Amino acid sequence: MDATQISSELTRVLYTNDQIQARLADIAAEIDEEYRDKDLLLVGVLNGAVMVMADLSRHLTVHLQMDWMAISSYGSGTQSSGVVRILKDLTTDIEGRHVLVVEDIIDTGLTLAYLIQNLHSRKPASLKIMTMFRKPEALSSPVEVSHVGFDLPNEFVVGYGLDYAGRYRNLVDVATLAPHVYS
Ligand code: XMP
Ligand code: MG
């Protein structure tokens, strides 16, 4: 679905798919440079990062492998608690591997902080993070992010993998959800 099918539940498009692809091409050029002589493992965080992984990986020219983790944050409502449960673990042993985590969005950074600590204990050769979107609160997180697509305002967004109640992941653009939907 695209923005011409925008529903009354969405208020405005923040980034079009063309803008997202252009940004990903730039980031991919940086990653190509960084991992030119390294064996790269992309770790996508399900479900949101499916679109970013699919597009970023196809902009890259270095050899790479992909693996996936599904995690769920304990806690009530929409607030992240930082206590994370692994729903699906990696199938790859990452010891000695150059790992780049591919995320859809970082909000408080609590989920990512847990994930990074967990992955770090598996002794990868290197561990970096790429996220398509970042919310303002993430800037005060101690977790260092190597590549950021776009910084967003503090609004709930959907599309490009991001969902509200499981919907809108297939919107090709990223749009803000109308407050009447979730308040
Ligand atoms: P924290 O706060 O731990 O949580 O960084 C990150 C996770 O929160 C979800 N999230 C969103 N999902 N639109 C979404 O569809 C948003 O605006 C949004 N903000 C946070 C998301 O699952 C992310 O992985
Ligand atoms: Mg996510």
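# A tour from helix α3 outward

Start with α3, residues 110-120. The cover over its buried residues includes β3 (64-73), β4, β5 and β6. Select the buried positions of the helix next: Leu-110, Thr-111, Leu-112, Tyr-114, Leu-115 and Ile-116.

Before going further, note that this is a predicted model. Mean pLDDT for the chain is 92, and 93% of the residues reach 70 or more. The model scores are ipTM 0.92 and pTM 0.93.

**Whole chain**

Zoom out and colour by secondary structure. The chain has four helices and nine strands. Along the sequence they run β-α-β-α-β-β-β-α-β-β-β-β-α. The radius of gyration is 16 Å, close to the 16 Å of the globule rule for 183 residues, so the chain is as compact as a globular protein of that length. Along the principal axes, the C-alpha atoms fill a box of roughly 50 × 35 × 30 Å.

Colour by burial now. Of the 183 residues, 33% are buried. Turn on contacts with a sequence separation of 6 or more: 66% of them join residues 24 or more positions apart.

**The sheet**

Show strands alone. Six of them form an open sheet, ordered β4-β3-β2-β5-β6-β7, and the pairing is mixed. Select the edges, β4 (84-88) and β7 (147-151). Each has a single partner strand, so one side of each is left without a neighbour in the sheet. Look for the twist: neighbouring strands are turned by 30 degrees against each other on average, direction ignored.

Move to β5 (residues 98-106) and β6 (residues 126-134). They pair in the parallel sense over eight bridges. To find one of the bridges, pick Glu-103; its partner in β6 is Thr-131.

Add α1, residues 17-34. This helix packs on the sheet and touches β5, β6 and β7. The direction of α1 makes about 160 degrees with that of β7.

Now step to the other neighbour of β5, which is β2. β2 and β5 pair in the parallel sense over five bridges. Select Val-43 here; its bridge partner in β5 is Val-101.

**Inside the core**

Keep β5 on screen. Is this strand enclosed or open? Eight of its nine residues are buried, so β5 is largely enclosed by the rest of the structure.

Next, select the largest nonpolar core. It holds 44 residues, and those with the most contacts inside it are Leu-100, Val-101 and Val-102. β5 gives the largest share of this core, six residues. In general, nonpolar side chains in soluble globular proteins tend to be buried together.

Centre on Leu-100. Which residues does Leu-100 contact, leaving aside neighbours within four places in sequence? They are Ile-31, Leu-40, Leu-42, Lys-128 and Met-130. Ile-31 sits in α1, residues 17-34. Leu-40 and Leu-42 are in β2 (40-46). Lys-128 and Met-130 belong to β6, residues 126-134.

**Three backbone stops**

Go to the end of β2. The peptide bond from Leu-46 to Asn-47 is cis, with omega near 0 degrees. Asn-47 is in the loop between β2 (40-46) and α2 (50-59).

Jump to Lys-123, in the loop between α3 (110-120) and β6. Its phi is near 60 degrees, a positive value in a residue other than glycine. Is Lys-123 buried or exposed? Exposed residues have 12 or fewer C-beta neighbours within 10 Å. Lys-123 has 12 inside 10 Å, so Lys-123 counts as exposed.

The third stop is Tyr-160, in the loop between β8 (157-158) and β9 (174-177). Tyr-160 is not a glycine either, yet its phi is positive, about 50 degrees. Check the burial of Tyr-160: with 27 C-beta neighbours inside 10 Å, it counts as buried.

**Last stop: Val-172**

Stay in the loop between β8 and β9, where Val-172 also lies. With 17 other C-beta atoms within 10 Å, Val-172 is partly exposed. Show its contacts, leaving aside neighbours within four places in sequence: Asp-2, Asn-17 and Tyr-160. Then draw a distance to Asp-18. The two residues are 154 positions apart along the chain, and their C-alpha atoms are separated by 9.3 Å.

Conventions. Residues numbered from 1 in each chain as written. Chains lettered and ligands numbered in written order. Predicted model: local features only at pLDDT ≥ 70, side-chain atom pairs only at ≥ 80, totals over all residues. pLDDT = per-residue confidence, 0-100. Pairing = 2+ DSSP bridges. Helix = DSSP H or I, 4+ residues; strand = E, 2+ residues; numbered from the N terminus. Axes fitted to C-alpha atoms, helices over the stretch in contact; angles between N-to-C directions. Contact = placed C-beta atoms within 7 Å. Buried ≥ 20, exposed ≤ 12 C-beta atoms within 10 Å, placed from the backbone. Rg over C-alpha atoms; globule rule 2.2 N^0.38 Å. Core = buried A, V, L, I, M, F, W, Y, C linked by C-beta atoms within 7 Å.
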